[in-house]
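Q: I would like to learn how to read a protein model step by step, beginning with pairs of charged side chains. Could you guide me through the one shown here?

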Amino acid sequence: MAQAKVQAKMSEPPCNKFTRTLSMADRSGRLLENLDQLELRVESLREAASAMEQEREYILEMIQSIQNSQEMRNICAGEREELSLTANRLMGRTLSVEISVGTIRNSQQEDALRKATSIIDEIVKKLLSDMDGSRQQLLALLAACVTEAPPVAIDQKFQAIVISCALEDQKKIKRRLETLLRNVDNAEKNIKIMDHQKLDEAQANGTQ
C-alpha cells in the first residue's frame, strides 16, 4: 500500500512552486542585450539623418551654382526668367525639408565650437574685399582639419581648437570649409569669364 502511494505521488504533475524562474542576472542580461540592439539602431538613425542633412546642403549648393552660373547669363531673358522660377521653386521645396541631428557637448566642446565658428565667420566677412587672401586663410583652416594636408601652411591655433570640438562638429566644420572654398573657386571662375568677355567686347569695339 505504501509503495503504491509513493508511485502515485511520483506520477503527479510537478507543482508550480518548483518551476524555475529567471534570475536577476538573466533578466539584466536580456535587458542589456535589448539596449545594445537599440543602440545600434540609434546610431544607424543618426547616420541616416546626417546623410540626409548633407544631401540637403549639397542640393542647395548645386541650385545656387546653377543660378549664378555663366550659362544662366548667356541665355535670353525669357528663358532665364523661366529657369530662375524653376530654381527658386526647387530652392523653396528643399528649404522646407528640416533635418536636425543634435550633438551632445561638454562645456569645453561648446567653447571650442564657438571659437572655431567665430574664426570662420571673420574670414567670410572679408571674402568680398579680399577674395584671394581669404581663400588662402580658408585653405590653412581646412589643412588643420584633414589627415593628409595639402601643401599649404596649417593654422596651428585653429587645429588645436578643432581637436577640442566634438567629433560630429569637427566633420561639420570641415564640410563648411570645403563648401566655402568651392564657392570661392566658382566665384573666381565667373569673375575671370566676365573679365574675359569684357576684354573681347572692348577689342571688338576697337576694331569697328
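Q: Which residue forms a salt bridge with Arg175, and how many Å apart are the closest N and O atoms?

A: The general idea is that side chains of opposite charge can pair when their charged atoms come close. In this structure, which is a predicted model, Arg175 forms a salt bridge with Glu57, and their closest N and O atoms are 3.6 Å apart. The pair links distant parts of the chain, since Arg175 lies in helix 8 and Glu57 in helix 2, 118 residues apart. As to their surroundings, Arg175 counts as buried because its relative accessibility is 16%, under the cut-off of 20%, whereas Glu57 is partly exposed, with a relative accessible area of 36%.

Q: How many salt bridges are there by this rule, and which residue pairs with Arg46?

A: The count comes to 11 salt bridges. Arg46 is paired with Glu168, the closest N and O atoms being 2.7 Å apart. Here again distant parts of the chain are linked: Arg46 belongs to helix 2 (residues 24-67) and Glu168 to helix 8 (residues 167-207), with their positions 122 residues apart. Arg46 counts as partly exposed at 25% relative accessibility, and Glu168 counts as partly exposed at 31%.

Q: Why are Asp111 and Lys115 separated by about one helical turn?

A: Here one looks at positions along a helix: Asp111 and Lys115 are four residues apart in helix 5 (residues 107-125), and therefore about one helical turn separates them. These two residues form a salt bridge in which the closest N and O atoms are 3.3 Å apart. Asp111 is partly exposed, with a relative accessible area of 32%, and Lys115 is partly exposed as well, with a value of 44%. Elsewhere, salt bridges that share partners join Arg105, Glu110 and Asp169 into one network.

Q: Where is the place of Thr103, and which residues does Thr103 touch beyond those up to four places away in sequence?

A: To read a loop residue, one can ask where it sits and then what surrounds it. Thr103 is found in the loop between helix 4 (77-95) and helix 5, and at 15% relative accessibility this residue counts as buried. Leaving out residues up to four places away in sequence, Thr103 touches Arg46, Ala166, Glu168, Asp169 and Lys172. With Glu168, the side chain of Thr103 also makes a polar contact of 2.9 Å, and Glu168 is the residue that forms the salt bridge with Arg46.

Q: Which residues of helix 7 are buried, and why do they line one face of the helix?

A: The way to read a helix here is to look down its axis and see where the buried residues point. In helix 7 (residues 156-163) the buried residues are Phe158, Ile161 and Val162. Seen down the axis, these residues fall within an arc of 95 degrees, so they line one face of helix 7. The face turned away from that buried side carries the exposed residues Gln156 and Ile163. At the N-terminal end, helix 7 is capped by Asp155, which has a side-chain oxygen 3.2 Å from the backbone nitrogen of Lys157.

Q: How many disulfides does the structure hold, and why is there no bond between Cys145 and Cys165?

A: The thing to compare is the distance between sulfur atoms. The structure holds zero disulfides. The closest cysteine sulfur to that of Cys145 belongs to Cys165 and is 8.8 Å away, which is too far for a bond. Cys145 counts as buried at 18% relative accessibility, and Cys165 is buried too, with a relative accessible area of 4%.

Q: What is the pattern of the whole chain, and where is confidence lowest and highest?

A: Read along the sequence, the chain follows the pattern α-α-α-α-α-α-α-α, with eight helices and zero strands. Of its 208 residues, 20% count as buried. Among contacts with a separation of 6 or more, 70% are between residues 24 or more positions apart. The mean pLDDT of the chain is 84, and 80% of its residues reach 70 or more. Confidence is lowest in helix 1 (residues 2-10), at a mean of 54, and highest in helix 5, at 96. Where pLDDT is low, the predicted coordinates should not be read in detail.

Note on methods
Residues numbered from 1 in each chain as written. Heavy atoms only, no water. Buried < 20%, exposed > 50% of the residue type's maximum accessible area, 1.4 Å probe, protein only. Helix = DSSP H or I, 4+ residues; strand = E, 2+ residues; numbered from the N terminus. Arc of directions from axis to C-beta. Polar contact = N/O pair within 3.5 Å; in protein donor to acceptor, adjacent residues only side chain to side chain. Salt bridge = Lys/Arg side-chain N within 4 Å of Asp/Glu carboxyl O. Disulfide = S-S within 2.5 Å. pLDDT = per-residue confidence, 0-100. Contact = heavy atoms within 4.5 Å.
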